[in-house]
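Subject: Structure handover, with notes

Hi,

Here is the structure I promised to pass on. Have a look at it first, and then read my notes underneath.

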Amino acid sequence: MDTAPAPTTTTLLKLAAVACLLAHLLASCSEPEVPVQPWRANPLALEKLGEDTQAAAQLAQSLEQLYGTAAVPGGAVGVAGQSELSAERARMVRVSNEARYARALAALESGAWDSVKPREGSLAASWRALRDRHTRGELSDAALRAEGRELHLGWYPTLADSAHLYRMECQHCHGTEGGGDGSTAHFLKPRPRDFRLGVYKWTALASPARPRRDDLRRTLHEGVNGTSMPSFARLSEAQVEGLVDYVRLLSLRGEVELRMAATFESDGEWEEDAAQVEHEAVWSRWQQAETKVLAYEGVVPPSTPESIARGAQLYNDATKGNCSSCHGVDGRGDGPAAWKIDARGERVPAYLDAWGDPILPRNLRLGIWRGGDRPIDLWRRIANGIPGGPMPALRDTKDKDGVRVVTDEEIWSLVHYVRSLSQEGGA
Amino acid sequence: MSRLRQGWSHVWSLDHKTIGVQFLISSLVMLLLGGLLAMAVRWQLAWPWTEMPIVGRALFGDHGRVMSPEGYTALFTMHGTVMIFFVVIPLLTGAFGNYLIPLMIGARDMAFPRLNAFSFWIMVPGIACALAGFALEGGAAAAGWTAYPPLSTVLGAAPGSGAGQTLWLWALFFSGLSSLSGAINYVVTIVTMRAPGMSLMRMPLTVWGLFVAAALQCMALPVLTAATVLQYSDRALGTGFYSDAGTPLLWQHLFWFYSHPAVYVMVVPAMGMVSDILSVHSRKPVFGYKPMVWAMVAITGLGVLVWGHHMFVSGMSPIAGTGFMLSTILIALPSAVKTFNWLGTVWGGRLRLNAALLYALGFVSMFVIGGLSGIWMAATPVDVYMHDTYVVVAHFHYIVFGGTLFGVFAALHHWFPKITGKRLDERLGKIHFVGTFVLTNAVFLPMHQAGFAGMVRRIADPYAYKAFEPLRELNVYITIAALCLFAWQIFFVINLIKSLWGGAPAGSNPWEAASLEWEASSPPPHDNFDRDVVVVRGPYEYGDAAGEKDWLPQAQPLERSTP
Amino acid sequence: MTRVWASGLFVALLVAVVWSFVAAYDTELWLPQQASSFAGEVDALFNSILLALTVAFVAVMAILILAVWRGAARTERARTSHGDVRLELLWTLVPAAVLVWIAVAQGPTWRAMKGDAALLDRPALARVEAAQFDWRFRYPGADGVYDTADDLLCVHELVVPAGEPVVLAMRTRDVIHSFFVPDFRLKQDILPGRDTKLWFQAPASGLHELVCAELCGWGHYKMAGVVRVVAREDYAAHLAELALRLTHNGTEERP
């Protein structure tokens with residue numbers, strides 16, 4: 001028998017009211033934040049500075065002055081690269097914005113101002129300003145519609161916007177400072193790129209150049225096939241350009257930090273303006289990128305059985321391509337030069353990459369190409385080598401008489417042969 | 001014996017009642033843990049990559065105070081694993097099965113008391129293995145509670161696929177041993193140790209539910225154990241059972257051959273308990289006892305024939321798909337029959353609107369919602385769309401949370417007096433019921449709509465997909481409701497603690513219930529009954545034909561016979 | 001608790017459930033646009049089942065609410081009824097009939113989705129290569145044979161012609177992924193070690209999101225792709241554009 005008295009209506013109503021209030025409070029309080037991790041010093045740089053905390057502080061201050069902070073990136077030098085875009089590229093950004101903000105644009109058309117809720121910080125702030133002016137009567141409905149539309153179509157992310165996107169999409173692998181040391185990085189082989197060395201493997205350039213916007217954009221669009229870097233083509237063109245700006249900022253900052261530290265290690269002190277000078281030196285290399293595009297003058301030769309056979313010859317010839325020494329006679333990446341016996345008598349990879357990780361030659365039979373799958377991409381890999389790793393530039397490889405070991409045309413034969421390894425009827 | 005020694009020997013007791021309470025305590029603690037894991041999952045879905053209050057810094061300090069994508073996969077994997085293997089199954093079979101079966105059939109203990117104690121203690125290393133995963137470098141298992149290879153077998157496929165997955169396999173192994181020993185015990189006890197006069201058709205439906213569930217466990221568990229051994233072999237010994245052409249499907253078949261019957265193990269005992277509770281508190285017999293029994297048996301039988309409905313899009317042949325579709329459609333029928341019989345039980349009854357009955361009614365209403373949504377997924381073309389979306393999540397949470405867990409709350413209110421000799425506070429119970437009922441629906445009802453919009457499961461940031469951007473607000477509401485739901489359970493915790501210490505004393509039969517367990521005192525002594533019992537009628541003699549009062553007890557107690 | 005509260009809660013549940021479906025119907029919280037030839041059939045099946053479920057749910061809840069309302073105020077003893085065979089037959093046979101109807105009704109739609117054997121024997125328009133964590137696509141090129149030098153490769157976006165059956169051959173490089181296009185009502189797991197074939201037909205041009213629907217690791221949430229359906233001529237133009245990549249000599253990349 002139910003002997004306990006039923007709770008009174010008022011008690012239950014009170015409880016319900018409290019519950020509703022709590023829920024409403026929770027719902028209406030400002031959205032939880034994506035936390036901003038401050039930029040930390042590169043341990044490699046700190047090592048070079050020794051125990052000198054004053055130097056470390058000075059360096060941090062210089063970097064902050066030049067590049068800003070994680071919360072407010074930019075500093076003296078960092079500007080978003082909208083002005084660097086070609087006309088065609090700018091047009092593509094607008095088209096992409098139109099797709100990305102289709103719902104907001106539709107809401108603007110129908111006058112549903114409250115439904116326009118941009119998530120990007122700078123866009124939200126600008127939109128709020130427009131709404132305020134509209135509320136104060138300074139803007140007509142038509143003007144709000146037109147300006148709102150232009151705001152969305154012409155949106156280009158600020159560095160702060162891009163930093164926020166980086167934190168959500170990239171940081172868990174590439175780390176707070178772009179050091180390739182995010183939480184997920186621990187489990188990935190190959191490790192995510194550490195931008196701070198300023199070394200980039202997959203560019204269209206003759207090394208040792210810093211990448212163009214196009215190169216970084218290509219990496220974001222296509223991913224690095226065969227690694228944990230996926231394609232980010234789902235992002236809008238504006239977002240991709242913004243990430244290019246931000247990665248460049250991280251890379252500049254990281255490289256300047258290391259160069260400053262190296263100077264301190266050798267000289268024991270810095271010149272006045274040392275940071276600015278280092279920045280200019282590195283930045284000029286980025287700016288020269290456009291002049292260093294590696295292209296083939298002429299029509300790309302088609303793959304023929306003769307070309308493939310020639311390529312096979314060059315591949316195995318130690319005085320020519322010498323590819324089999326690392327990539328193996330079958331192209332499986334198991335050539336003898338790839339391995340060595342270490343001090344403990346164990347077989348380990350013979351080479352380390354620029355970031356200190358062991359690196360093995362690619363298995364060419366898989367048909368998985370990290371730097372792009374077009375024939376020209378493979379041509380560039382062979383001609384220019386791969387910066388940061390042991391793949392040599394065959395264009396620069398000369399015999400004892402100073403003559404190139406392979407011509408540009410012969411490199412095409414190598415490309416045809418290598419591509420045939422992963423194809424029907426291939427070797 | 002000193003108090004300490006008494007306490008110590010109590011811990012290792014072979015008494016089914018003590019073991020039942022041990023299962024109850026461990027399950028409730030794991031329920032708290034499973035709930036916390038769910039809160040973290042829900043936080044991430046509402047506000048991806050933001051800092052969780054209080055725990056954010058503590059849990060993810062190394063990762064910038066924010067959940068990592070690989071961390072998310074481990075969270076939902078362990079949430080599912082903990083809830084299924086260490087909360088719901090031990091709660092129903094281990095806690096209530098152990099406590100109630102001997103009492104309800106008039107036995108003095110289980111057939112194999114040592115095996116019974118073993119079934120509890122062998123679960124403890126299982127819990128330890130499951131939790132130890134979190135302390136590993138690669139984190140806990142992260143391939144989903146379904147652990148499909150190659151994600152689970154290839155060591156580099158996910159951070160949790162290293163030692164974390166191995167520990168997960170061990171956890172399942174120990175949990176399986178625990179369940180199997182329990183199941184054997186229950187089947188043998190029910191078949192051989194019923195009191196005189198207790199025919200099978202005079203057993204309360206609680207016992208039938210546990211009986212049928214135990215039979216299912218015996219049939220299906222060995223297959224899961226074999227499947228996990230094969231997976232361990234693939235991982236540790238480099239065998240290829242689940243690799244090479246087509247054979248990842250082998251794991252899916254073996255896994256679901258157990259795990260589908262497992263969901264019936266997770267609901268049928270609750271169905272039985274709810275039937276009893278509805279009857280007692282409506283003062284009316286269970287409507288259609290025999291059909292109810294046959295429905296449980298049908299669910300059991302069909303339950304081993306439907307596993308392929310988890311695999312409609314897996315690449316199974318379409319003919320096999322049709323076969324599984326037919327069996328899945330069929331299995332809705334016994335559940336429908338049971339639902340109508342529950343309605344028939346309360347219809348025309350004289351209802352006591354206490355917490356136990358309210359929870360039982362909550363079970364019926366929410367089991368109906370969950371069961372009906374299952375029918376969509378039985379229709380294969382619709383399942384193609386709904387598979388791996390939030391419709392499935394809504395479906396099974398309605399059954400397991402809205403169904404089983406509400407059944408457990410009802411059972412706790414109903415049998416707490418028997419277990420402890422005290423009564424749970426009714427007022428707190430009703431407050432807990434109202435909030436939990438409202439909030440459970442607030443959390444899981446909108447998940448249907450999220451699933452209709454195509455939102456898939458197991459994604460750390462739904463808004464990486466443009467199509468799910470409109471679901472942000474919905475996910476925020478669900479998360480807030482979930483946080484409130486979690487917080488609301490404080491009322492139950494307070495009720496438990498308050499009543500354990502200072503609850504109103506209950507006699508042996510505070511509910512005037514007819515089944516045998518109420519013959520015993522509250523709590524029952526070591527050998528359960530003061531006197532031998534002989535059963536003379538069914539367990540549901542309530543109402544106007546039931547003598548002077550409105551009920552007749554099931555047994556006619558005999559004087560204890562002298563040797 | 002008074003019967004007002006108890007019944008009221010279940011009335012609230014009934015109202016909330018019905019309202020949530022009615023309010024969401026045909027909005028962004030419902031099935032998306034129908035962009036494949038069988039999407040309409042799937043939705044029709046979905047809707048008819050929904051109707052049956054609604055009737056069942058409302059009936060059950062109405063009986064429950066009424067039983068609570070009356071039973072909570074009842075003073076005389078309940079009738080000791082152990083059941084009623086006719087009622088058992090009624091509520092066994094009627095649901096059985098509905099279920100049989102569903103089983104039969106889904107047949108044609110299922111067959112339409114799976115396509116006949118001849119359809120799947122057609123050469124695949126494109127090969128889908130799923131990997132952790134993006135989608136790559138390969139067209140066979142002019143020679144119509146895969147894995148030859150003239151294959152056309154792209155990432156993230158699959159372009160297909162409208163108005164004709166499209167057959168895809170899908171493979172995964174690592175773990176199980178699942179090719180899910182909500183707008184097409186299409187989903188197929190991709191198992192390692194073999195090519196999985198799939199077909200669909202999209203009547204009109206449009207852009208449709210591709211979602212991975214099987215847990216594949218930490219990046220499962222990032223594995224978005226796009227299926228772009230275009231007119232036949234535009235499809236040919238797209239292939240021609242991809243073919244240009246094969247002869248690209250890099251000079252256009254100079255400013």
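Below is what I found, going from chain C as a whole to its strands and then to its contacts with the other chains.

One thing up front: this is a predicted model, so please read everything here in that light.

**Chain C overall**

Chain C is built from five helices and ten strands. Its radius of gyration comes out at 26 Å, whereas the globule rule gives 18 Å for 255 residues, so the chain is more spread out than a compact globule. The C-alpha trace spans about 95 × 45 × 35 Å along the principal axes. Of the 255 residues in chain C, 42% are buried. If you take the contacts between residues at least 6 apart in sequence, 69% of them join residues at least 24 apart.

The domain assignment splits chain C into domain 1 (3–75 + 83–114) and domain 2 (119–248). Taken over C-alpha atoms, the centres of these two domains are separated by 37 Å. Where they meet, domain 1 of chain C puts in eight residues and domain 2 of chain C puts in eleven. On the domain 1 side, that means five nonpolar residues, three polar ones and no charged ones.

**The open sheet**

Chain C has an open sheet of five strands in the order β3-β2-β1-β5-β8, with mixed pairing. β3 and β8 (196–201) of chain C are the edge strands, each pairing on one side only. On average, and ignoring direction, neighbouring strands of this sheet are turned by 25° against each other.

Inside the sheet, β1 (residues 126–131) and β2 (residues 134–139) of chain C run antiparallel and are joined by five bridges. One pairing you might want to look up is Arg127(C), whose bridge partner in β2(C) is Arg138(C). Helix α5(C) packs on the sheet, where it touches β2 and β3 of chain C, and its direction makes about 100° with that of β3(C).

**Strand β6 and its partners**

β6 of chain C (residues 177–181) is mostly covered, with five of its five residues buried. His177(C), Phe179(C) and Val181(C) point one way from the strand, while Ser178(C) and Phe180(C) point the other way.

β6(C) pairs with β7 of chain C (residues 186–190) in the antiparallel sense, over five bridges. It also pairs antiparallel with β9 of chain C (residues 206–212), over two bridges. Phe180(C) is a handy residue to click on here: it stands opposite Lys187(C) in β7(C) and opposite Val211(C) in β9(C). The hairpin of β6(C) and β7(C) has four residues between the strands, and Arg185(C) takes a positive phi near 55° in it.

**Where chain C meets chain A**

This contact takes 26 residues from chain C and 26 residues from chain A. On the chain C side, β3 (152–155) and α5 (232–247) each supply at least two residues. The largest share comes from α5(C), with three residues. By type, the chain C side divides into ten nonpolar, nine polar and seven charged residues.

Over in chain A, helix α15 (residues 375–384) has ten of its ten residues buried, so it is largely enclosed by the rest of the structure. Among those buried residues are Ile376(A), Leu378(A), Trp379(A) and Arg380(A). The buried residues of α15(A) pack against α16 (408–420) of chain A together with α5 of chain C. Just after α15(A), Gly385(A) takes a positive phi of about 70°.

**Where chain C meets chain B**

For this contact, chain B provides 90 residues and chain C provides 80. Several helices of chain B each supply at least two residues to the side that touches chain C, including α4 (69–105), α9 (248–265) and α13 (355–378). α12(B) gives the most, with 13 residues. The chain B side divides into 59 nonpolar, 18 polar and 13 charged residues.

That's what I have for now; shout if you want to go through any of it together.

Cheers

Terms used. Residues are numbered from 1 along each chain as its sequence is written. Chains are lettered from A and ligands numbered from 1 in the order in which they are written. This is a predicted model: local features need pLDDT of at least 70, side-chain atom pairs count only at pLDDT 80 or more; totals for chains, interfaces and linings use all residues. A residue is buried if 20 or more other C-beta atoms lie within 10 Å of its own, exposed if 12 or fewer, and partly exposed in between; C-beta atoms are placed from the backbone. Two strands pair if DSSP finds at least two bridges between them. Two residues are in contact if their C-beta atoms, placed from the backbone, lie within 7 Å. Ala, Val, Leu, Ile, Met, Phe, Trp, Tyr, Cys and Pro count as nonpolar, Asp, Glu, Lys and Arg as charged, and the others, Gly among them, as polar. The radius of gyration is taken over C-alpha atoms; the globule rule is 2.2 Å times the number of residues to the power 0.38. Domain bounds come from an automatic or database domain assignment. Axes are lines fitted to C-alpha atoms, for helices over the stretch in contact, and angles run from 0 to 180 degrees between N-to-C directions.
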